[in-house]
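Q: Could you take me through the aromatic rings in this model, one contact at a time? I would like a close look at how the rings pair and at what sits over their faces.

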Amino acid sequence: MIRAVFFQICRMVPVAFLATAALVAAPASAQTVKKGPAVTADDGAADAKDQTPAAEPASVEDKSATKTDKDKPVDGPSSGLSVLDRMGADLPALPAEKPFAGKVDEAYGAFQRGRYLTAMELALPRAQLGDPAAQTLVAEILDRGLGVKRNRDQAMFWYEQAAGGGDPTGMFKYAVLLMERSSSKEDRKKADELMKKAADLGNASAQFNYGQVLVADSPGEKGLRDALPYYEKSAEQGIADAQYALSQIYINLTDLPEEKTRRAREWLLRAARAGFDTAQLDLGMWLVNGTAGDRDYEAGFKWMKRAADGGNPVAQSKLAQLYIHALGTRPDPVEAAKWFVLARRAGLNDPSLEDFYLGLNDEQQKAAVTAANKYRSGS
């Protein structure tokens, strides 16, 4: 999936990080080969034979513990009442598992288990006979060099065949390769058309990337509104980039239904949980600033720390501010200076943090540099 940073959205509402001591912040054709091994279909799982016997309900009277004259429990742990005692009846037997009667894709199963050569041996004959899903699988193995020598020209050929056969993943992958390897207007137009078709067929990555295409083609509010339905569909399918984009659109675009704007922080949280460091950074700022919800300094600090630990220089710089102003954590000038040093080494220098660092005494500066060195070395 192509990751594109949402610069345009982020520029729409500039956020000041500090305010009143608080955060604001291919070959011509395929050669014909002999038919490969047939893909077998599962005849269906056998009916479940073993049923868990229902347990006999225990008698409450038989298990009653000895009581004192004041109804106090005797010494020792209480045996308590079981679920069956409370219900007074046996639990129903578990339903039998439904047998799987669908077609088993042995090639894809081998691919999932990391048996790439087996997957290729099983998929290639089917691909040469015109199976779009097998064509995509062969292309993926060749494109990534999994168990075989990497060959992007052959991969592109097979992606093209899969796209022509109607496989959404093949369409998406072929469109990506066209964008990467060709600068002609004709190929770009073909790539956009394939991306849209794959998106409309439900491919989550294509949905996000086609949204990016719309934003690039129509900068500004119109492009964002056109892309919004595609971002929403992609986000619902778990694409973190789309979830992040959705959070920014929901918080910045006007005249959106209230039920959408109320979910801005929810989508940002989903992207952050997926490990998207920019989302973690923004979520930390939103929580500290009270954007799209209540303020929560401690939670904001934790998300900022997670992004900083992941190597995000902006988060490292902002985390230093949190330590300075004791937002969500105790004040710690040495720890603040450590994160400033790490951010500066990554190429990000904040003049206000520079002034703070120069205001520390020699012992504190030395401790901060030592802490930064140890952090980078992992010791």
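A: Happy to! Let's start with a charge over a ring: R270 lies over the face of W267, 4.4 Å from the ring centre. A second case of this kind involves K233, placed over the face of Y230 at 5.7 Å from the ring centre. Please keep in mind that this is a predicted model.

Now to the ring-ring contacts. Searching the whole structure gives nine aromatic pairs. One of them is Y108 with F111: the ring centres are 6.2 Å apart and the planes meet at 20°, under the 30 degrees cut-off, so this pair is stacked. Both residues, Y108 and F111, belong to helix α3 (residues 106-112), where they are three residues apart, about one turn of the helix. As for their surroundings, Y108 has 42% relative accessibility and counts as partly exposed, whereas F111, at 14%, counts as buried. Y108 and F111 also belong to a cluster, linked by ring pairs, that includes Y116.

Another pair worth your time is F208 with Y231, which is tilted, with 5.8 Å from centre to centre and 50° between the planes. Here F208 comes from helix α9 (residues 204-217) and Y231 from helix α10 (residues 221-236), so the pair ties together parts that are 23 residues apart in sequence. Both of these residues, F208 and Y231, are buried.

Terms used:
Residues numbered from 1 in each chain as written. Predicted model: local features only at pLDDT ≥ 70, side-chain atom pairs only at ≥ 80, totals over all residues. Heavy atoms only, no water. Phe/Tyr/Trp six-rings, centres within 6.5 Å; stacked < 30°, edge-to-face > 60°. Helix = DSSP H or I, 4+ residues; strand = E, 2+ residues; numbered from the N terminus. Buried < 20%, exposed > 50% of the residue type's maximum accessible area, 1.4 Å probe, protein only. Lys NZ or Arg CZ within 6 Å of the ring centre and 35° of its normal.
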